[in-house]
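Q: Please take a close look at a single part of this structure for me. After that, show me how the rest is put together around it.

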Amino acid sequence: MYVNPFLFTRFQYALPATSPLGAQLAGAFEALGARLIFLCGHAFPGLQPLFALLQRRCNRVFHRLDALMVLWSEGRLPAPRPAAAPLARARRPGPSRELQREMMRLMRARGHRTGPAWLTRFMPPMSLATCQFEAWLEEARARQFLDECPQAARLLRPILRMLGARHPWIDADLARHAPAMAEMAEAPLAPPPARRSSEESGPYRRSGDVWRMAVIPPQIE
């Protein structure tokens with residue numbers, strides 16, 4: 001998907017930061033947000049809800065990170081809440097989580113790749129934001145902040161994953177969370193429900209604790 005970089009000048013916006021470390025991170029979020037706003041208006045039909053959801057989520061993440069940076073610099077960082085069990089996080093209900101799952105299923109049905117770095121694969125100009133996040137992680141103070149503030153690392157981890165950012169800190173963070181990820185992967189999967197009639201052709205897909213019949217898009221001849 002080639003996009004002329006000149007088009008992004010129409011979608012630039014500024015994120016106010018209240019901390020010096022947040023001001024350094026604002027550029028990466030601004031580059032990411034400009035591209036997500038572009039996708040909201042020019043994405044393939046049916047995918048705009050996904051990119052609008054991501055754009056709003058990235059704004060909230062930046063402001064929460066900036067607030068945590070202020071508290072961290074003043075020595076008033078609150079104690080992190082105990083993390084929920086991996087299975088409990090996977091099964092946590094929520095309309096935004098369900099919307100993202102449905103949109104990712106739609107992307108796979110349309111032949112787009114999902115998983116790590118899916119956003120950069122979908123739109124290669126996202127690599128500018130990826131490079132800016134990687135450059136921010138080169139700052140010793142940024143790594144110290146993420147190590148001492150697990151809440152911030154938890155907020156930033158999904159964004160780095162969907163952009164495919166690479167850095168030694170990311171590898172170390174993944175290694176720390178490898179046991180929890182393995183626990184989720186090895187969780188027993190309940191069998192799908194039996195078909196109630198011959199009209200139910202399946203296949204079923206699991207969404208948390210609920211099995212849903214997959215919606216197969218019609219073939220366009």
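**One residue and its surroundings**

A: Let's start with Arg 161, which you'll find in helix 8. (Helices here are DSSP runs of H or I with at least four residues, strands are runs of E with at least two, and both are numbered from the N terminus.) Before going further, know that this is a predicted model, where local features need pLDDT of at least 70 and side-chain atom pairs count only at pLDDT 80 or more, while totals for chains, interfaces and linings use all residues. Residues are numbered from 1 along each chain as its sequence is written, and side-chain values use heavy atoms, with hydrogens and water left out.

Is Arg 161 buried or exposed? Neither, as it happens: its relative accessible area is 47%, so Arg 161 counts as partly exposed. (Buried is under 20%, exposed is over 50%, and partly exposed is in between, using a 1.4 Å probe and protein chains only.) Leaving out residues up to four places away in sequence, Arg 161 touches Pro 116 and Ala 117. (Contact means heavy atoms within 4.5 Å.) Arg 161 also lies 8.3 Å from Gly 115, C-alpha to C-alpha, with their positions 46 residues apart in sequence.

Follow that contact to Ala 117, which belongs to the loop between helix 4 and helix 5. Ala 117 is a bit of an oddity: it isn't a glycine, yet its phi is positive, at about 65°. With a relative accessibility of 15%, Ala 117 counts as buried.

Now zoom out. The protein has ten helices and two strands, and from the N terminus on they run α-α-α-α-α-α-α-α-α-α-β-β. Of its 221 residues, 35% count as buried. Among contacts with a separation of 6 or more, 68% join residues 24 or more positions apart.

What's in the middle? In soluble globular proteins, nonpolar side chains tend to be buried together. Here, the largest nonpolar core holds 50 residues, and Phe 29, Leu 32, Phe 51, Leu 119, Phe 133, Trp 136 and Phe 145 have the most contacts inside it. (Such a core is a set of buried Ala, Val, Leu, Ile, Met, Phe, Trp, Tyr and Cys residues joined through side-chain atoms within 4.5 Å.) Helix 8 (150-163) is one of the elements that give two or more residues to this core, and others include helix 1 (20-42), helix 2 and helix 7 (140-148).

Take Trp 136, located in helix 6. Its relative accessibility is 4%, so Trp 136 counts as buried. In sequence, Trp 136 and Leu 25 are 111 residues apart, but their C-alpha atoms are 6.5 Å apart. Trp 136 also contacts Phe 145. Setting aside neighbours within four places in sequence, the partners of Phe 145 include Leu 65, Leu 68, Met 69 and Trp 72.

Those partners show up again where two helices meet: Leu 65, Leu 68, Met 69, Trp 72 and Ser 73 in helix 2 touch Arg 141, Gln 144, Phe 145 and Glu 148 in helix 7. The axes of this pair come within 11 Å and cross at roughly 90°, so helix 2 is roughly perpendicular to helix 7. (Axes are lines fitted to C-alpha atoms, for helices over the stretch in contact, with angles from 0 to 180 degrees between N-to-C directions; under 35 degrees is roughly parallel, over 145 roughly antiparallel, 65 to 115 roughly perpendicular and the rest oblique.)

Helix 2 meets helix 1 in another way: their axes come within 9 Å and cross at roughly 170°, which makes helix 1 and helix 2 roughly antiparallel. Among the residues making this contact are Leu 39 and Cys 40 of helix 1 and Gln 48 of helix 2.

Finish at Gln 48, in helix 2 (residues 48-73). Gln 48 is partly exposed, at 25% relative accessible area. Beyond residues up to four places away, Gln 48 touches Leu 39, Cys 40 and Ala 43. Its C-alpha atom is 9.5 Å from that of Leu 36, twelve residues away along the chain.
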